[in-house]
Amino acid sequence: MTKTSSNHKQVIPDAFNQYRQATFERTVRLTEKAIGKLETEGKIVTLAGVCETTRTLDERGKGLRPNSILRNPKAAEIFHQHSLAYQERQQKAQKAKRQH
C-alpha cells in the first residue's frame, strides 16, 4: 500500500475563525465571572463549582463543561490561579520531585 500525498491545503473560512474566537472569549468570560462569584460568596473554587456557577451566569443557560475550561489555555490558567486544590497538588508534586 502506498500513501499518496496531497498538496492541497485546507482553507479555514473566516466565519469559523470568528466563531472559535467568540467561543474562546465566552469561556474565559464565564470562567472569570464564576470564580468571582464563588470567591465573593466565600466558597472554594473547584472545577465542578465553576461549571455549576457558569450555568446560572450564562445568557444561553448552558454554562461550561470542565473540558471547555481546561482546554482553553487562558481559562485554565485563571482557574489554576484560584483553585486551592490545584495549587496544593502542584506543591505536593514539587516536593515529591525534590525528594527524589
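## Salt bridges, surface patches and overall form

Lys43 counts as partly exposed because its relative accessibility is 49%, a value that falls between the 20% limit for buried residues and the 50% limit for exposed ones. The model described here is a predicted one, and Lys43 serves as an entry point to its charged contacts, since the side chain of Lys43 meets that of Glu41 in a salt bridge. Glu41, with a relative accessibility of 43%, is likewise placed in the partly exposed class.

### Overall form

The protein contains 5 helices and 0 strands, and along the sequence these elements follow the pattern α-α-α-α-α. Its radius of gyration is 19 Å, well over the 13 Å that the globule rule gives for 100 residues, so the protein is more spread out than a compact globule. The C-alpha trace spans about 55 × 50 × 20 Å along the principal axes, and buried residues account for 24% of the 100 residues.

### Salt bridges

The count of salt bridges comes to 3, and the table lists each pair with its closest N to O distance.

| Residue pair | Closest N to O distance |
|---|---|
| Asp58 and Arg26 | 2.5 Å |
| Arg29 and Glu59 | 3.8 Å |
| Lys43 and Glu41 | 3.3 Å |

Asp58 and Arg26 form a salt bridge with their closest N and O atoms 2.5 Å apart. This pair links distant parts of the chain, for Asp58 lies in the loop between α2 and α3 while Arg26 belongs to helix α1 (residues 14-40), 32 residues apart. Both Asp58 and Arg26 are buried, that is, each has under 20% relative accessible area.

The salt bridge between Arg29 and Glu59, at 3.8 Å, also links distant parts of the chain, with Arg29 in helix α1 and Glu59 in the loop between α2 and α3, 30 residues apart. Arg29 has a relative accessibility of 34% and therefore counts as partly exposed, whereas Glu59, at 59%, counts as exposed.

### Surface patches

Arg55, Arg60, Lys62 and Arg65 gather on the surface in a patch of positive charge. One of these residues, Arg65, is located in the loop between α2 (47-57) and α3 (66-71), and because its relative accessibility is 67%, Arg65 counts as exposed.

A nonpolar patch on the surface is formed by Ile12, Phe16 and Tyr19, which together have about 320 Å² of accessible area. Within this group, Phe16 is found in helix α1, the helix that also holds Arg26 and Arg29. With a relative accessibility of 40%, Phe16 counts as partly exposed.

### Leu70 and His80

Helix α3 includes Leu70, a residue that is partly exposed, with a relative accessible area of 38%. Leu70 is separated from His80 by 10 residues in sequence, and the C-alpha atoms of the two residues lie 9.4 Å apart in space.

### Summary of the α1 contacts

Taken together, helix α1 is linked to the loop between α2 and α3 through the pair of Arg26 and Asp58 and through the pair of Arg29 and Glu59. The residues of the former pair are both buried, while in the latter Arg29 is partly exposed and Glu59 is exposed.

Key
Residues numbered from 1 in each chain as written. Predicted model: local features only at pLDDT ≥ 70, side-chain atom pairs only at ≥ 80, totals over all residues. Heavy atoms only, no water. Patch = residues over 30% accessible without salt bridge, like charges linked within 9 Å, V, L, I, M, F, W, Y side chains within 5 Å. Areas by Shrake-Rupley, 256 points an atom, 1.4 Å probe, with all protein chains shown as cover. Salt bridge = Lys/Arg side-chain N within 4 Å of Asp/Glu carboxyl O. Lys, Arg positive; Asp, Glu negative; His and termini not counted. Charge placed at Lys NZ, Arg CZ, Asp CG, Glu CD. Helix = DSSP H or I, 4+ residues; strand = E, 2+ residues; numbered from the N terminus. Buried < 20%, exposed > 50% of the residue type's maximum accessible area, 1.4 Å probe, protein only. Rg over C-alpha atoms; globule rule 2.2 N^0.38 Å.
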